[in-house]
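Subject: Structure for your review

Dear colleague,

Please find below the structure that I agreed to pass on to you, followed by an account of what was found in it. I should be grateful if you would read the text with the structure open beside it.

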Amino acid sequence: MRITVLAGGIGGARFLRGVRKLAQTDGHVVTAIINTGDDVTMHGLRICPDLDSVMYTLGEAIDTERGWGRAGETWRIKEQLAEYGVEPSWFGLGDLDTGTHLVRTQMLAAGYSMTDVTAALCTRWQPGVTLLPMTDERCETHVVVEIDGQRRAIHFQEWWVRYRASLPASAFVQVGLEDAKPTDAVLTALDEADLVLLAPSNPVVSINTILSVPGLRDALRKGDRPIVGLSPIVGGAPVRGMADVCLPVLGVETSAEGVARFYGARGDGGLLDGWLVHDGDYADIAGMTVLARDLMMSSDDVTAGMVADAIAVAGL
Ligand code: GDP
Ligand code: CA
């Protein structure tokens, strides 16, 4: 069976390890459509935080303690930039990671698409899953905040990493969205999928960013293959990270049910046929099959079990 997964960075990466595990035993082919709204240019380098988190995680190169970047990383370039007093100094630019950014930036400058660049980088890391950027166009998430009494839109990375999401946000804006479109590879991955899974990623700044690419939601709803999501919210809070500060900006309750309503039931103009919540959580939404089970991705085997249950909920 062909499984296509929509995913962000760290949560998406851990989920994809489980999908890959199940796919290896059951013979599924897996494609992941990854959020590129977090992408940013710093010090002249094009950086794709979510694609890199997924690529390094599946390529067994991630720093598991930090959750992002390379294991065994050193920071000499960052130190040099600090010596020069060059901003931004708040971004964690590792030496090993910079190798990836240099290759990517050089290939983009030579005219390759982000899809091509990602495929080229993956020949080294062999993630075992086809990784696709959601779009080849630049489409960057900005956050509307107030700084010194002034309303400003700052890049998502600045809000997330520099301010640790502590500045109250009034909106998320995707700069470049009008000109963005899903790539052919993304459309094919949706078209050919027997099952689509929404990873337990940040519903607002990972999954919804992907869904907002013009045409992508329609491509997803087209056809009758099931779409099943997994809740990133457990017991009214995100398992890790700061998703709880993002959901209220869109008026969504921070609960497994709130996120399910946000995605919506397919029969109701939304997306989901099925929804997995953590033991003890609930969601009661007409037209959506809901299953409660352990959703803590404590090992690849546990996560593979979550995926098996998502397949069962889909009736496949
Ligand atoms: P980011 O782009 O690095 O922020 O990563 P994602 O958007 O892919 O994932 C972030 C989300 O993953 C957070 O909202 C977490 O609640 C969720 N998450 C992380 N670990 C787990 C887990 O073990 N189980 C579940 N259900 N969600 C998790
Ligand atoms: Ca992200």
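In what follows, the axis of a helix is a line fitted to its C-alpha atoms over the stretch in contact, and an angle between two axes runs from 0 to 180 degrees between their N-to-C directions. Please bear in mind that this is a predicted model.

Helix packing

I begin with helices H4 and H5, whose axes come within 10 Å and cross at roughly 140°. That angle makes H4 oblique to H5, because only angles over 145 degrees count as roughly antiparallel. The crossing of H4 and H5 is right-handed. On the H4 side, Thr-100, Val-103, Arg-104, Met-107 and Leu-108 take part, and they meet Met-114, Asp-116, Val-117, Ala-120 and Leu-121 of H5. Sorted by class, this contact of H4 with H5 comprises 7 nonpolar, 1 polar and 2 charged residues.

Helix H5 (residues 114–125) also packs against helix H2 (residues 49–58), at an angle of about 25° and with the axes 10 Å apart. H2 is therefore roughly parallel to H5. Their crossing is right-handed. H2 contributes Leu-51, Met-55 and Tyr-56 to the contact, while H5 contributes Thr-118, Leu-121, Cys-122 and Trp-125. Of these residues, 6 are nonpolar, 1 is polar and none is charged.

The remaining pair to report is H2 and H4, which pack at an angle of about 120° with their axes 12 Å apart. H2 and H4 are therefore oblique to each other. Here too H2 passes H4 in a right-handed crossing. Asp-52, Met-55 and Tyr-56 of H2 make the contact with Asp-97, Thr-100, His-101 and Arg-104 of H4. The contact of H2 with H4 divides into 2 nonpolar, 2 polar and 3 charged residues.

Some residues recur in these lists. Met-55 and Tyr-56 of H2 appear in the contact with H5 and in the contact with H4. Leu-121 of H5 appears in the contact with H4 and in that with H2. Thr-100 and Arg-104 of H4 appear in the contact with H5 and in that with H2.

Pockets

The largest pocket has a volume of about 1,100 Å³. It is lined by 41 residues, and those closest to its centre are Gly-9, Ile-10, Gly-11, Trp-160 and Gly-241. Two or more lining residues come from each of helix H1 (10–26), H2, helix H4 (95–109), helix H6 (156–162) and helix H8 (203–211). Which element gives the most to this lining? It is H2, with 5 residues. By class, the lining of the largest pocket holds 20 nonpolar, 13 polar and 8 charged residues.

The second largest pocket has a volume of about 290 Å³. Its lining is made up of 17 residues, with Arg-14, Arg-17, Thr-57, Ile-62 and Thr-64 nearest the centre. H1 and helix H12 (300–313) are the elements that give two or more residues to it. H1 gives the most, with 4 residues. The lining of the second largest pocket has 5 nonpolar, 6 polar and 6 charged residues.

A cavity and two backbone features

A search of the whole structure finds 1 cavity of 30 Å³ or more. The largest cavity has a volume of about 60 Å³. His-43, Lys-78, Leu-81, Ala-82, Val-86, Pro-88, Ser-89, Phe-91 and Leu-93 line this cavity. By class they divide into 6 nonpolar, 2 polar and 1 charged.

Two of these lining residues, His-43 and Pro-88, also deserve mention for their backbone. As background, most residues other than glycine have a negative phi, and most peptide bonds are trans. Pro-88 is joined to Glu-87 by a cis peptide bond, with omega about 0°. Pro-88 is placed in the loop between helix H3 (76–83) and H4. His-43, for its part, has a phi near 50°, a positive value in a residue other than glycine. His-43 is found in the loop between strand S3 (40–42) and strand S4 (45–47).

Yours sincerely

Technical notes. Residues are numbered from 1 along each chain as its sequence is written. Chains are lettered from A and ligands numbered from 1 in the order in which they are written. This is a predicted model: local features need pLDDT of at least 70, side-chain atom pairs count only at pLDDT 80 or more; totals for chains, interfaces and linings use all residues. Side-chain values use heavy atoms; hydrogens and water are left out. Angles under 35 degrees count as roughly parallel, over 145 as roughly antiparallel, 65 to 115 as roughly perpendicular and the rest as oblique. A crossing is left-handed if the near helix is turned anticlockwise from the far one by less than a right angle, and right-handed if clockwise. Contact means heavy atoms within 4.5 Å. Ala, Val, Leu, Ile, Met, Phe, Trp, Tyr, Cys and Pro count as nonpolar, Asp, Glu, Lys and Arg as charged, and the others, Gly among them, as polar. On a 1 Å grid over the protein atoms alone, a cavity is a set of points where a 1.4 Å probe fits but cannot get out, and a pocket is an open set with protein on both sides within 12 Å along at least five of seven lines; lining residues have an atom within 4 Å of a point. Grid points are joined across faces, edges and corners, and a volume is the space filled by probe spheres set on the points.
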